[in-house]
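This briefing addresses selected local features of the structure shown below. The points are grouped by topic.

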Amino acid sequence: FSPAGVPAPLDFAVHMMTQLLAGLVAAHELGIVHRDVKESNLLVDRDSMNAKLCDFGIARSQVPLPDQADPTSTKVVVGTPHYIAPERYRGVRRDPRSDLYSAGVVFHRLLTGRLPFDAPGLDGVAIARRALTEEVPPIEGIPEAMVRVCLRLLARDVQMRFQTAGAAMEALHYARYYGAEAGETLDLPPSDSPERPQSNGSPWAVLLGIGIL
């Protein structure tokens with residue numbers, strides 16, 4: 001990833017996000033909520049620049065399992081403050097859409113070089129307060145359709161967020177190649193046309209640590 005304060009090239013940002021979202025698709029289809037999505041939990045091969053989602057240490061099944069202790073069953077919120085979705089501070093523990101918020105934080109950093117609610121000297125409580133009460137700072141110099149994808153991932157209301165990682169990945173694909181969000185009216189090439197780009201992110205994302213279940 002780029003140094004702090006330096007935006008990543010747009011193609012690289014989309015490449016990383018496609019693989020991250022593909023990893024979340026696989027995890028969520030298995031009923032797993034990662035709960036600690038962030039850049040340091042993406043292993044990137046320097047030769048291929050393919051990424052693997054890793055570190056499922058605090059991941060949990062979407063449906064509580066009888067023999068699975070949950071350290072967040074109390075009022076303690078486990079995770080990395082900048083990446084914790086607002087609803088988790090309100091007691092939601094196993095919603096896969098919380099992973100999408102965290103992915104939005106990663107995307108925001110890729111696009112802008114900074115975390116959305118960061119400021120010098122902030123502790124976890126201050127970061128949480130900003131995430132719960134403030135709007136995401138403006139994202140400038142990025143195509144509007146791409147900004148809309150990022151802001152929807154970061155929506156404070158889970159109902160306004162993408163409801164699945166697959167939907168977010170499709171929207172990212174449309175925003176990058178057609179300058180629009182998925183579902184908007186577009187004059188697209190036929191589905192079998194070589195001009196129509198194909199999303200091939202899913203095979204790139206390999207989940208590590210599934211054995212925790």
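In which helix is Arg 130 found? In this predicted model, Arg 130 is found in helix H4, which spans residues 124-133. The points below describe the surroundings of Arg 130, the packing of helices H5 and H6, and the setting of Asp 95.

**Surroundings of Arg 130**
- Leaving aside residues up to four places away in sequence, Arg 130 touches Phe 117, Asp 118, Ala 119, Leu 122 and Arg 156.
- A polar atom of the Arg 130 side chain lies 3.3 Å from the backbone oxygen of Asp 118.
- Pro 86 is 44 residues from Arg 130 along the chain, and the C-alpha atoms of these two residues are separated by 9.7 Å.

**Packing of H5 and H6**
- Helix H5 (residues 144-153) packs with helix H6 (residues 165-178) at an angle of about 160 degrees, and the two axes are 8 Å apart.
- Because this angle is over 145 degrees, H5 is roughly antiparallel to H6.
- The crossing of H5 and H6 is left-handed.
- From H5, Ala 145, Met 146, Val 149 and Leu 153 meet Ala 168, Ala 171, Leu 172, Ala 175 and Arg 176 of H6.
- The residues of this contact comprise eight nonpolar, no polar and one charged.

**Setting of Asp 95**
- Asp 95 is found in the loop between helix H2 (86-89) and helix H3 (97-112).
- Asp 95 counts as buried because its relative accessibility is 14%, and the cut-off for buried is under 20%.
- The side chains of Asp 95 and Arg 97 are joined by a polar contact of 2.7 Å.

Technical notes:
Residues are numbered from 1 along each chain as its sequence is written. This is a predicted model: local features need pLDDT of at least 70, side-chain atom pairs count only at pLDDT 80 or more; totals for chains, interfaces and linings use all residues. Side-chain values use heavy atoms; hydrogens and water are left out. Helices (H or I, at least four residues) and strands (E, at least two) are DSSP runs, numbered from the N terminus. Contact means heavy atoms within 4.5 Å. A polar contact is a pair of N or O atoms within 3.5 Å; within protein, one must be able to donate a hydrogen and the other to accept it, and residues adjacent in sequence count only if both atoms are side-chain atoms. Axes are lines fitted to C-alpha atoms, for helices over the stretch in contact, and angles run from 0 to 180 degrees between N-to-C directions. Angles under 35 degrees count as roughly parallel, over 145 as roughly antiparallel, 65 to 115 as roughly perpendicular and the rest as oblique. A crossing is left-handed if the near helix is turned anticlockwise from the far one by less than a right angle, and right-handed if clockwise. Ala, Val, Leu, Ile, Met, Phe, Trp, Tyr, Cys and Pro count as nonpolar, Asp, Glu, Lys and Arg as charged, and the others, Gly among them, as polar. Buried means under 20% relative accessible area, exposed over 50%, partly exposed in between (1.4 Å probe, protein chains only).
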